[in-house]
Amino acid sequence: MGVLGLRPIPERCAACSICELACTFHHTKAFGRRPSSIAVHKDHVTGEVTIAIHETEAGPRRACDLCAGERVPLCVKWCPVGAVGTTRTRP
Ligand code: SF4
Ligand code: SF4
């Protein structure tokens with residue numbers, strides 16, 4: 001697919017955490033949230049959602065490798081509302 005980057009669209013995000021589980025599965029072949037390179041946060045007072053993509057490892061959190069070895073990044077593939085898009089692709 002040639003994905004060069006991710007483009008989070010937080011205004012679409014339902015904060016369901018599926019992308020975090022999918023990302024952790026990519027890294028560890030198990031489900032969880034702590035190793036995920038994508039981090040979703042919803043402010044329960046304001047309702048504002050933020051989506052962070054971590055490019056460096058920190059503690060249990062793995063660095064995003066754009067899902068090396070996968071045809072489509074799993075966070076993009078499994079987001080039910082299209083809240084994680086991709087930037088340019090090449091053939
Ligand atoms: S592209 Fe893959 S490694 Fe990067 S945040 Fe998405 S699921 Fe995680
Ligand atoms: S899977 Fe999509 S809707 Fe769910 S938390 Fe991730 S970006 Fe938001």
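## Working through the chain

Helix 1 gives the most to the shell around ligand 1, namely three residues. Helices (H or I, at least four residues) and strands (E, at least two) are DSSP runs, numbered from the N terminus. A residue is near a molecule, and so in its shell, if its C-beta atom, placed from the backbone, lies within 6 Å of it.

This is a predicted model, where local features need pLDDT of at least 70 and side-chain atom pairs count only at pLDDT 80 or more, while totals for chains, interfaces and linings use all residues. Residues are numbered from 1 along each chain as its sequence is written, and chains are lettered from A and ligands numbered from 1 in the order in which they are written.

**Exercise 1.** List the elements of the chain in order from the N terminus.

*Solution.* Start by counting: the chain has two helices and four strands. Now walk along from the N terminus, and you get β-α-β-β-α-β. The radius of gyration (taken over C-alpha atoms) is 13 Å, close to the 12 Å that the globule rule (2.2 Å times the number of residues to the power 0.38) gives for 91 residues, so the chain is as compact as a globular protein of that length.

**Exercise 2.** Work out which residues are closest to each ligand, and which classes make up the two shells.

*Solution.* Take ligand 1 first. It has 14 residues around it, with Cys23, Cys64, Cys67, Pro73 and Cys75 the closest. Helix 1 (18–28) and helix 2 (74–78) each supply at least two residues of this shell. For classes, Ala, Val, Leu, Ile, Met, Phe, Trp, Tyr, Cys and Pro count as nonpolar, Asp, Glu, Lys and Arg as charged, and the others, Gly among them, as polar. That splits the ligand 1 shell into eleven nonpolar, two polar and one charged. On to ligand 2: 13 residues surround it, the closest being Cys13, Cys16, Cys19, Cys79 and Ala83. Its shell has twelve nonpolar, one polar and no charged residues.

**Exercise 3.** Find which residues of helix 1 are buried, and what covers them.

*Solution.* First, the rule: a residue is buried if 20 or more other C-beta atoms lie within 10 Å of its own, exposed if 12 or fewer, and partly exposed in between. In helix 1, Cys19, Glu20, Ala22, Cys23, Thr24 and His26 pass as buried. Their cover includes strand 2 (38–42), helix 2 and strand 4 (84–86). Contact here needs C-beta atoms within 7 Å. Look at isoleucine 38: beyond its neighbours within four places in sequence, its contacts are Cys19, Glu20, Cys23, Ile51, Ile53 and Cys75.

**Exercise 4.** Is proline 10 buried, exposed or partly exposed?

*Solution.* Locate it first: proline 10 is in the loop between strand 1 (6–8) and helix 1. Then count: proline 10 has 16 C-beta neighbours inside 10 Å, so it is partly exposed. Setting aside neighbours within four places in sequence, proline 10 is in contact with Val49, Thr50, Ile51 and Ala83.

**Exercise 5.** In what sense do strand 2 and strand 3 pair, and over how many bridges?

*Solution.* Two strands pair if DSSP finds at least two bridges between them. Strand 2 and strand 3 (residues 49–53) have five, in the antiparallel sense. For one example, valine 40 has isoleucine 51 as its bridge partner in strand 3. Finally, check the hairpin they form: six residues sit between the strands, and glycine 47 takes a positive phi near 80°.

Conventions
Two residues are in contact if their C-beta atoms, placed from the backbone, lie within 7 Å.
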